[in-house]
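User: I've got a model open and would like to talk through how it's put together. Can you take my questions one at a time?

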Amino acid sequence: MVSRPCLVFLFATFVVPLGLMGSRIIFAHLFVIAFITWWVRRGLSESQTWKKSNEERQASAAAGIKHRGFWELISNKTNVKALLFLIGVYALWNTVAGQMGIFMPRVYETAGVESATQQNLLQVLLWSLTVLATYFGFMKYGDRMSRRVLYAIGAILGIAAWLLLVFAHVTMPILILFAALWGISAGIGAQAFYALWAAEMFATRYRASAQGVLFFVARIMVGLLSYWFPTLLASHGVPFVGMIMIGLLVAALIIGFVGAPNTRGKSLEQIEVERYGEPLTRKDKQTVQ
């Protein structure tokens, strides 16, 4: 998944001479990839844990027990705490990442890099390092060292990247260093830990609904800032918007470091017992009986 943007920007570099037609080709190929992905995912089977949970929920529904979906999710204090924590971790970080995904070429242009080829190559570097950091950093050490420390390292690198844009005299070497720092940060920071914690911190019956709520909030936050971001960038420059980005990243760092759950080395069943008291499927059985 994280390698896709790298390949897209590399592809975009080659079609720059085609101008508008090149942009159309990029969007057309994304549509083809999205269709293939949708088609393949239609044939994927659900996990045994999900199947078991779904069967027991259907049995309880047949016995007259009503499940309220979203309201059932937010009526549980454990779920609400996890939602607020992950909004603080992911939605704040994603608000920054969302601006970079949409408006980073404008940031580069404001910083003095007007060549579309150079802008795309900076993004290729950024995403290449994200892929490498995800594999050699998060996947290799996520279960070997303190997740709180690993998360903090990623968050600090992201803050350092924006500090360079705000306080350093921006040159091409500085932009390369910015792309490197943010790329590594994205590989071991909030995005990776959100994907992990969103699966671990919710029982199977709540997980899909919780992730839907989290994505909804995150995208709304991105959309709200995106409405004003181009105007702020044009009227106040990179330093002003950079301070907004830094503020959001610092908040995500503090929330993630303080609230990081102790789930390393534990199975989903163990985590569920610790967070909810006992497996929720067992509670359903007791209720049906």
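User: Let's begin inside. Which helices each supply at least two residues of the lining of the largest cavity?

Analyst: Bear in mind that this is a predicted model. The lining runs through W93, Y151, G154, A155, G158, W182, S185, G189, A190, L249, A252 and L253. Set against the helix boundaries, the ones that each give at least two of these residues are α7, α8 and α10.

User: And which helix gives the largest share of that lining?

Analyst: Y151, G154, A155 and G158 are among the lining residues, and α7 spans 147-167. The largest share, four residues, comes from α7.

User: How much space lies in that cavity?

Analyst: With 30 Å³ as the lower limit, the count comes to one cavity. The space in the largest cavity is about 80 Å³.

User: What's the chemical make-up of its lining, in nonpolar, polar and charged residues?

Analyst: Glycines are counted as polar here, and G154, G158 and G189 are in the lining along with S185. W93, Y151 and L249 are among the other lining residues, and such side chains count as nonpolar. The split is eight nonpolar, four polar and no charged.

User: Moving to helix packing, at what angle do α7 and α9 pack?

Analyst: On the α7 side, the contact is made by R147, L150 and Y151; on the α9 side, by A190, F193, L196, W197 and E200. These residues divide into six nonpolar, no polar and two charged. The two axes lie 9 Å apart, and the packing angle is about 145°.

User: Which residues touch the most other members of the largest nonpolar core?

Analyst: That core has 68 residues. The elements giving two or more residues to this core are α5 (77-110), α6 (116-141), α7 (147-167), α8 (172-188), α9 (190-200) and α10 (204-259). The members that touch the most others are L86, Y108, W162, W182, W197 and F202.

User: Take Y108, then. Which residues does Y108 touch, leaving out those up to four places away in sequence?

Analyst: Y108 is one of the core residues touching the most other members, and its number falls within α5 (77-110). Beyond the four-place window, Y108 touches V113, Q119, L122, Q123, L126, L175, F178 and A179.

User: Zooming out, how many helices and strands are there in the protein?

Analyst: Of the 289 residues, 43% are buried. Among contacts with a separation of 6 or more, 77% join residues 24 or more positions apart. Along the sequence the pattern reads α-α-α-α-α-α-α-α-α-α-α-α, giving 12 helices and zero strands.

Methods
Residues numbered from 1 in each chain as written. Predicted model: local features only at pLDDT ≥ 70, side-chain atom pairs only at ≥ 80, totals over all residues. Heavy atoms only, no water. Core = buried A, V, L, I, M, F, W, Y, C linked by side-chain atoms within 4.5 Å. Buried < 20%, exposed > 50% of the residue type's maximum accessible area, 1.4 Å probe, protein only. Contact = heavy atoms within 4.5 Å. 1 Å grid on protein atoms, 1.4 Å probe; cavity = no way out; pocket = protein on both sides within 12 Å on 5 of 7 lines; lining within 4 Å. Points joined across faces, edges and corners; volume = space filled by probe spheres on them. Axes fitted to C-alpha atoms, helices over the stretch in contact; angles between N-to-C directions.
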